[in-house]
Amino acid sequence: MSSVQEMNPRVRGIRATVSLQSLAARLTEEIMQGAKKPFKKVTDVSSGDPQRAGMSPISFVRQVLAVCLYPQLLKEKSLPLDVRQRAQKLLGSCGGGSVGSYSKTSCGIPHVHKSVAEFITRRDGGVSSHPENIIFSSGSQKTLSLVLHLMASGEGETQTGVLTPVPCPHTLPMLLDETGVALMPYQLMEGRGWALDLDELHQALKTARGRCEPRAIYISNPGNPTGHVQDRKTMEEVIRFAATEGLVLLAEEVYQDSVFGQGREFLSYKKVLFEMGKKYSETVELISFNSISSASMGECGLRGGYMEVINMDPAVNNYLRSMQGTSSPPVLPQLALEVMVNPPSPGDPSYETYTQEIRRTLTTLSQNAQRACEFLNDLPGMNCQPAMAGVFLYPSLHLPPQMIEEAKMLGVEADVLYCQRFLEEEGVCLGSGCENGQEDQNYHIRLCVLAPPATLEEVLARLRSFHLLQLGRFP
Amino acid sequence: MKQLEYVVLARRASQIMEELRKGARKPYSEVIDVSWGDPHRAGVKPLSFVRQVLAACLYPELVNSNKLPVDVRQRAQRLLGQCAGGSIGSYTATAGIAEIVHRVSEFITRRDGGAPSHPENIFISAGSQWALQNILKVLVNSKSSPKTGVLTPVPCHCTTTLSIMGLGAVVIPYYLSEEQGWELQVEELDRALESAKGVCNPVALYVINPGNPSGGKISPEQRTPKYIFVSKNMYHMVVFHAMLPVGHIQRRKSIQEVIRFVSEKKLFLLADEVYQGCVYGEKSEFISYKRVLAEMGPPLSDTVELASFHSASKGFMGECGMRGGYVELINLDPDVMKYIYKLFSKDSCAPVLGQIALDLMINPPQPGDPSYPLYNVETQNIRTMLVHNVKRAFEVVNSLPGFCCQPVEGGAFAFPRLHLPPKAIQKAKEVGLQPDTFYCIRLLEEAGVLISPGCEYGQKEGTHHIRFCIMTSEVMMEELLRRLTCFHTQFMKDFS
């Protein structure tokens with residue numbers, strides 16, 4: 001195979017991504033080599049990566065992991081007792097007492113499955129969860145990819161399709177392309193804080209049926225990047241819809257720990273499903289995804305996630321478990337997950353610190369989200385829906401027609417051009433809305449607001465000055 | 001649904017372990033599991049330096065304390081400085097932390113006697129299999145007719161065959177020659193390629209060096225998918241998964257022949273070199289495919305498309321749980337490289353700790369560093385242990401009637417041939433098991449030793465093998481061999 005023509009056509013078909021990462025890397029390189037720029041370093045707020053932006057990890061998590069890695073620390077008195085005890089317990093669940101062994105089963109360490117199942121049961125007010133339904137991998141994207149792989153088949157009109165929200169998490173479209181699944185969009189209602197609208201869903205399905213074989217509906221709740229938290233009524237409607245239309249529900253719930261909106265509460269799809277009675281709870285096929293890249297943990301670099309599989313044919317469950325065999329899930333992230341779902345309890349030595357750290361993170365997030373939203377709404381040509389959860393803000397951009405023209409001539413989307421310029425001139429990397437999906441000419445930008453407040457202020461200040469300049473440039 | 005050999009054994013092993021836990025009386029008090037390439041599970045200790053640095057990266061407070069040696073703290077500090085936000089919790093660049101990627105390329109250059117290696121050609125991934133899958137994704141067109149084919153050794157670890165088939169391609173088996181110590185013979189490659197004519201479209205050759213022994217024909221049932229599911233909304237195929245066999249190290253001449261072969265037949269070369277750290281045959285030396293290719297000069301060195309894989313899971317580090325590996329790509333079209341980048345970027349990045357483990361593997365402490373003495377002692381111990389284990393396994397197994405073991409020069413497993421008495425084969429048939437699986441089940445039940453049967457990897461029709469990991473503590477190896485001897489003697493008597 002020596003040319004692109006001979007490559008696997010499906011890989012060739014993966015949509016072009018906008019990624020500004022390489023531009024950001026180049027700028028960083030230039031600065032390291034002494035180039036003078038109006039900024040000292042590149043600040044990347046395009047992904048949900050709080051630690052990149054300077055937020056601290058949770059001490060208890062890191063301490064336990066460090067001890068698991070280097071068990072000599074079990075004797076280290078300066079580390080809290082509960083840290084050492086937890087590490088000991090977790091090491092006991094690893095082959096040969098080492099985190100260097102493969103996980104006992106290809107789906108992960110059984111002890112951790114159990115802890116996750118218990119966490120889910122507690123969270124959902126007693127709706128029971130079974131360890132055999134829980135499967136790990138290195139990040140929720142990977143588990144989703146396994147599921148999509150299973151569903152994918154056909155081409156053209158028979159190609160598998162997934163109803164996908166617009167906007168959706170920015171890594172999703174590429175994943176669908178790569179697994180050969182068609183993205184069938186359903187618009188979220190921007191004017192209503194990005195709420196989901198059932199009529200729109202029905203319409204989208206109808207359109208989809210003409211083009212492919214829809215098999216699933218993907219939901220992100222709390223929404224990524226919208227920050228919207230669905231209410232029970234909507235969730236029940238979605239469940240009924242999925243049941244009637246025979247669709248699998250794929251519920252991405254990574255930001256469940258970060259609800260800060262007033263009067264809002266996270267409900268899991270599983271819980272709502274089970275509270276709708278046997279007619280639904282025993283039939284609707286649901287897969288829920290979660291990961292340690294959540295707001296409070298922010299451990300994106302550790303790469304750990306899981307999915308809970310509900311009401312699937314046991315053969316499918318078996319398949320998912322065995323497909324993991326080609327890449328054993330890493331051990332440390334599973335341990336981090338165990339700590340996430342099973343934190344220190346009141347009375348434990350680490351409890352105070354742990355609770356404070358979580359509270360501080362969520363307070364920062366809530367304050368930042370509010371501050372940034374107000375700030376952005378003050379800028380002409382920007383309109384930001386308030387977020388209720390999650391780590392992103394996703395304001396819409398009204399760009400001057402000349403900029404749109406210029407972008408067209410350069411062969412890029414206007415919001416990409418905007419972000420490129422912003423990065424070059426101010427050293428801040430935002431995400432462009434076209435990665436998340438948007439209607440034609442309805443532009444957006446995406447920024448992660450979970451960062452130290454000073455960092456956020458700087459990002460906002462630079463954004464204002466750049467934005468006004470753009471508008472000034474094109475009156 | 002046909003049962004997987006491995007699943008049958010693993011399940012029974014779990015049951016037995018549970019029974020032991022509940023106090024059941026058996027002729028053994030614990031099960032020895034040497035069915036995986038997982039040294040830590042088998043009692044080998046991790047390297048202190050590696051764990052100290054990783055711990056300090058995880059919990060940087062340790063960097064400032066004097067509980068850890070200076071070079072550990074310096075290394076951790078340096079690595080953390082490479083991470084966004086100074087934390088291993090952040091995403092990294094898709095191909096891996098830039099400085100680590102650079103150091104990987106330097107390692108490769110050093111290893112290959114100066115043959116240059118470029119960072120842009122290197123991708124760090126969560127384990128070498130993950131990188132292999134991404135490359136296969138580019139090569140395999142699941143919709144083509146005829147199907148894409150990949151030449152694959154027999155025996156072979158099924159993770160690869162599973163990946164190939166899972167992507168919709170076919171495996172074209174080539175048999176390694178057991179009698180010649182599992183050598184790869186080019187005539188056999190020719191034969192295999194011929195056999196593919198009209199059946200599939202071969203695009204690549206997969207080799208693994210140091211090897212996993214292969215050899216023998218694979219019967220059709222062993223190569224077809226084991227499960228087909230249909231459910232309301234999903235249907236797909238699943239293939240079994242298993243592991244690598246034993247250690248042959250290719251000689252330079254053989255590598256050259258393979259390179260000429262792929263060049264002539266226009267095949268993409270996939271070189272799985274994860275066991276390059278485990279070489280202990282006295283006259284054997286690992287030479288990488290890249291090095292041989294570079295030394296063969298143009299036009300071959302500029303045209304043969306090669307992907308070389310390595311990982312932190314094997315070798316003396318044995319950090320399988322960390323998931324750190326990389327692939328180096330040679331002579332690929334730059335446009336194709338862009339797509340490969342896209343595939344890797346789908347998962348954001350490799351786990352950061354795995355990347356760090358990789359860095360520690362290729363840049364260990366040097367003489368003069370504070371950690372060097374301990375590091376040296378620990379690695380020497382592991383090496384001595386391995387050499388000892390290999391020798392003992394070879395001696396003991398070959399002394400048992402019915403066993404024939406080829407010398408192990410590298411890798412982590414022994415893959416002896418087992419000549420089973422006709423009565424045993426008959427009995428196996430009666431209970432519906434492959435003969436070597438039958439042997440393994442009996443060994444598990446009666447002696448508490450879990451190994452894998454050769455049928456899991458493919459073997460010549462009518463031959464049988466067993467496979468077990470030799471990267472264990474010496475004590476465990478002795479115990480393993482003792483139990484095996486005892487069991488085997490009895491087994492052969494029972495079925496004579």
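**Strands, helices and single residues in chains A and B**

User: Where does B:F468 lie?

Analyst: B:F468 is in strand β16 of chain B. Strands here are DSSP runs of E with at least two residues, helices are DSSP runs of H or I with at least four residues, and both are numbered from the N terminus. This is a predicted model, in which local features need pLDDT of at least 70 and side-chain atom pairs count only at pLDDT 80 or more, while totals for chains, interfaces and linings use all residues. Residues are numbered from 1 along each chain as its sequence is written, chains are lettered from A and ligands numbered from 1 in the order in which they are written, and side-chain values use heavy atoms, without hydrogens and water.

User: Is B:F468 buried or exposed?

Analyst: B:F468 has 2% relative accessibility, so it counts as buried. Buried means under 20% relative accessible area, exposed means over 50%, and partly exposed is in between, with a 1.4 Å probe and protein chains only.

User: What does B:F468 touch?

Analyst: Leaving out residues up to four places away in sequence, B:F468 touches B:V34, B:A393, B:V397, B:A412, B:F413, B:A414, B:P416, B:I451, B:M477 and B:L480. Contact means heavy atoms within 4.5 Å. The C-alpha atoms of B:F468 and B:W36 are separated by 7.6 Å, although the two residues are 432 apart along the chain.

User: What order do the strands have in the open sheet of three strands in chain B?

Analyst: The order is β12-β16-β15, with antiparallel pairing. The edge strands are β12 (413-414) and β15 (452-453), each pairing on one side only. Two strands count as paired if DSSP finds at least two bridges between them. β15(B) and β16(B), residues 466-469, are joined by two bridges, and B:S452 has B:R467 as its bridge partner.

User: Now β5 of chain B. How many of its residues are buried?

Analyst: Six of the eight residues of β5(B), residues 201-208, are buried, so the strand is largely enclosed by the rest of the structure. Strand β3(B), residues 148-154, pairs with β5(B) in the parallel sense over four bridges. β5(B) also pairs in the parallel sense with β8(B), residues 268-272, over five bridges.

User: Which residues stand opposite B:L205?

Analyst: B:L151 of β3(B) stands opposite B:L205, and so does B:L269 in β8(B).

User: Switching to chain A. Why is β8(A) described as largely enclosed?

Analyst: Because six of the six residues of β8(A), residues 305-310, are buried.

User: Which residues are on each side of β8(A)?

Analyst: A:G305, A:M307 and A:V309 are on one side, with A:Y306, A:E308 and A:I310 on the other, and all are buried. In a regular strand the side chains alternate between the two faces of the sheet.

User: Which strands pair with β8(A)?

Analyst: β2(A), residues 134-137, pairs antiparallel with β8(A) over four bridges, and there A:I135 has A:M307 as its bridge partner. β7(A), residues 286-291, also runs antiparallel to β8(A), joined by six bridges. In β8(A), A:E308 stands opposite A:S288.

User: And helix α3 of chain A, how many of its residues are buried?

Analyst: In α3(A), residues 59-69, 10 of the 11 residues are buried. Among them are A:F60, A:V64 and A:L69.

User: What do the buried residues of α3(A) pack against?

Analyst: They pack against α4 (81-92), α13 (331-341) and α14 (351-378) of chain A, and against α2 (48-58) and α3 (61-64) of chain B.

User: Where is A:S93?

Analyst: A:S93 is in the loop between α4 and α5 (110-123) of chain A. With 19% relative accessibility, A:S93 counts as buried. Apart from neighbours within four places in sequence, A:S93 is in contact with A:I109 and A:H111.

User: What about A:E457, where does it lie?

Analyst: A:E457 is in helix α18(A), residues 453-473. Its relative accessibility is 33%, so A:E457 counts as partly exposed. The C-alpha atoms of A:E457 and A:A372 are separated by 8.4 Å, with their positions 85 residues apart along the chain.

User: Last one: how many helices and strands in chain A?

Analyst: Chain A has 18 helices and 14 strands. Of its 475 residues, 63% count as buried. The C-alpha atoms of chain A fill a box of roughly 65 × 55 × 55 Å along the principal axes.
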